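Here are my notes on this model, set out as numbered points for you to follow with the structure open. I start with one pair of strands and work outwards from there.

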Amino acid sequence: MQRHSKLCVSGPPVVSRVQGWTELPDDLLHSIFSRLGSFRDLLAFAATCPSWRAAFSSHPSKSTLCTLFPPLLIQPNVLAHVSHPLSNNGHRNLRTCKVIDPANQNTTLYCQIDEETLQTMRCAGPSYGQLIFCKRGCCLVVDPFTGAQVSPPRLPFSDDYEKLTCSRITLRLALAEYYYSAILTAPLASSNSHLLFRTCGALFAWPVGSDSWSEVRCTGVHMEQIVEFNGQFIVMDIRQRIYILELAPQLGLQEIMTINLPPDLADDTDGSFKTSWLVVCGDMLLMVVQVITSLEYTDDPTMVSTLHRLDMSTEPAKWVAMEKLDDWAVFIGEDLRSTPFSCRTPERWGGRSKCLYYADNSPPWSVHGLGNERGPSDDPDLRYYTRSWCNKMQPLWVYPSMFYSVAQ
């Protein structure tokens, strides 16, 4: 008897209801972010529909997201020519400033900043997409892209004088204010956001939305920079000493003991001009040291920018020299109060790694090698860059506040 084989044919697969574009899961949408090529693409993504914008706001690691895109360049001294600028409702005289996206330079971008603010107040620094201005104890936090403003309470120090305890001299407030800087600890909408304001001899903290400041006097510590690193705030003073800033239970500084300084800073007798600042690249806290040889010693001064990583795996910590930055690029402005940013794998948007992008007016930036990396330009006018304390707002890099938006 011939046995008949049984042919099993499965039925049609069970297919769930096809989801529309607005119903895609957040995990899938988050995976798309890293494949976008520019801020314009990201803006279009967030503007597609409310659910996509919500997915963007709920991205689990905004700090990582920022390193995938270059920051935008605001040029306050270059007016943007736009056919239909935003209305100011007749209340303020707004300056329409040119904004450039390095990943998409042909796109017309701009922001608007109150003319009186630019003319009468000093920019104490950008932070979380906001620009922080100050004048004689009055602060103003401005979003240059939305126009939103926040006015903290007046800083609790004298109108007439501010003592510089580290140098044991007294300067008029107008001159001392030249060296002030500020930073936010979180986006303005965050429940734990503080505005940190650094003067020559003290540090003030304002819990956003409250009616008062807290203060810590910093005798002998002239703070120059505050950066956020691995969930902590790191302070560097004028002598390149490093501290952890503690916000709770009370405001205070705890020094991170180090056994050495970068070699370029250890010798201050060679007559060269030296500037240093901190920058965060992923899980690395770096110090960039810029050294320009003195004109007293040569008619053709040279400039190098050396890299040093803070190794905190030992006690005390130590600075370790780095020859190159691998696949990172660094973005800085002339003003020492402008926040240094870093971007990973800049080649994905047409940039160059192992280099530093210096904000300017014309050309909008220059590119310089870091460590032993040679800069791409042989133009003698682009061989050097300088950093200093500036009286008026200078070109600076910024990530718009939407990069730090808080999911509701």
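1. A good place to begin is a bridge between two phenylalanines: F197 has F204, in β12, as its bridge partner. The strands concerned are β11 (residues 194-198) and β12, which pair in the antiparallel sense over five bridges. The link from β11 to β12 is a hairpin with three residues. Please keep in mind throughout that this is a predicted model.

2. On its other pairing, β12 meets strand β13 (residues 214-217), again antiparallel, over four bridges. Here L203 is the residue opposite V216 in β13. The hairpin of β12 and β13 has six residues between the strands, and within this hairpin G209 takes a positive phi near 95 degrees.

3. How enclosed is strand β12 (residues 202-207)? Five of its six residues are buried, so the rest of the structure largely encloses β12. The cut-off behind that word is a relative accessible area under 20%.

4. Now move along to β14 and β15, which run antiparallel and are joined by six bridges. If you want a pair to click on, Q225 has M236 in β15 as its bridge partner. Two residues lie between the strands in this hairpin, where N230 takes a positive phi near 50 degrees.

5. N230 deserves a point of its own. This residue sits in the loop between β14 and β15 (232-237). Is N230 buried or exposed? Its relative accessibility is 57%, and exposed means over 50%, so N230 counts as exposed. In sequence N230 and M284 are 54 residues apart, yet their C-alpha atoms are 9.2 Å apart in space.

6. β15 also pairs with strand β16 (residues 242-246), in the antiparallel sense and over four bridges. F233 is placed opposite L245 of β16. The hairpin of β15 and β16 has four residues between the strands, with Q240 at a positive phi near 65 degrees. As for burial, five of the six residues of β15 are buried, so β15 is largely enclosed by the rest of the structure.

7. The pocket is probably where you will want to spend time. The general idea is that rolling a probe the size of a water molecule over the atoms shows where empty space is left. In this model the largest pocket holds about 1,200 Å³ of space. Its lining is made up of 42 residues, and those nearest the centre are S63, Y128, E228, V280 and Y404. Two or more lining residues come from each of α4 (62-66), β4 (122-127), β10 (181-184), β14 (223-229), β18 (273-281) and β23 (341-344).

8. Which element gives the most to that lining? The answer is β14, with six residues, and this is the strand that six bridges join to β15. By residue class, the lining of the largest pocket has 22 nonpolar, 15 polar and five charged residues.

9. β4, another contributor to the pocket lining, belongs to an open sheet of four strands. The order is β4-β5-β6-β7, and the pairing is antiparallel. β4 and β7 (149-150) are the edge strands, each pairing on one side only. β4 and strand β5 (residues 130-135) run antiparallel and are joined by five bridges, with C123 opposite F133 in β5.

10. Within strand β4 you will find S127. With a relative accessible area of 6%, S127 is buried. Setting aside neighbours within four places in sequence, S127 is in contact with I132, I183 and L184.

11. For contrast, try H81, in the loop between β1 (72-79) and β2 (94-100). H81 is exposed, at a relative accessible area of 76%. Its C-alpha atom and that of K98 are separated by 8.1 Å, while the two residues are 17 apart along the chain.

12. Finally, some totals for the whole chain. There are seven helices and 26 strands. The chain has 408 residues, and 49% of them count as buried. Of the contacts between residues at least 6 apart in sequence, 53% join residues at least 24 apart. The chain exposes about 20,700 Å², with carbon and sulfur atoms supplying 51% of that area.

Methods
Residues are numbered from 1 along each chain as its sequence is written. This is a predicted model: local features need pLDDT of at least 70, side-chain atom pairs count only at pLDDT 80 or more; totals for chains, interfaces and linings use all residues. Side-chain values use heavy atoms; hydrogens and water are left out. On a 1 Å grid over the protein atoms alone, a cavity is a set of points where a 1.4 Å probe fits but cannot get out, and a pocket is an open set with protein on both sides within 12 Å along at least five of seven lines; lining residues have an atom within 4 Å of a point. Grid points are joined across faces, edges and corners, and a volume is the space filled by probe spheres set on the points. Ala, Val, Leu, Ile, Met, Phe, Trp, Tyr, Cys and Pro count as nonpolar, Asp, Glu, Lys and Arg as charged, and the others, Gly among them, as polar. Two strands pair if DSSP finds at least two bridges between them. Buried means under 20% relative accessible area, exposed over 50%, partly exposed in between (1.4 Å probe, protein chains only). Contact means heavy atoms within 4.5 Å. Accessible areas come from the Shrake-Rupley method with a 1.4 Å probe; for residues, only the protein chains shown count as cover.
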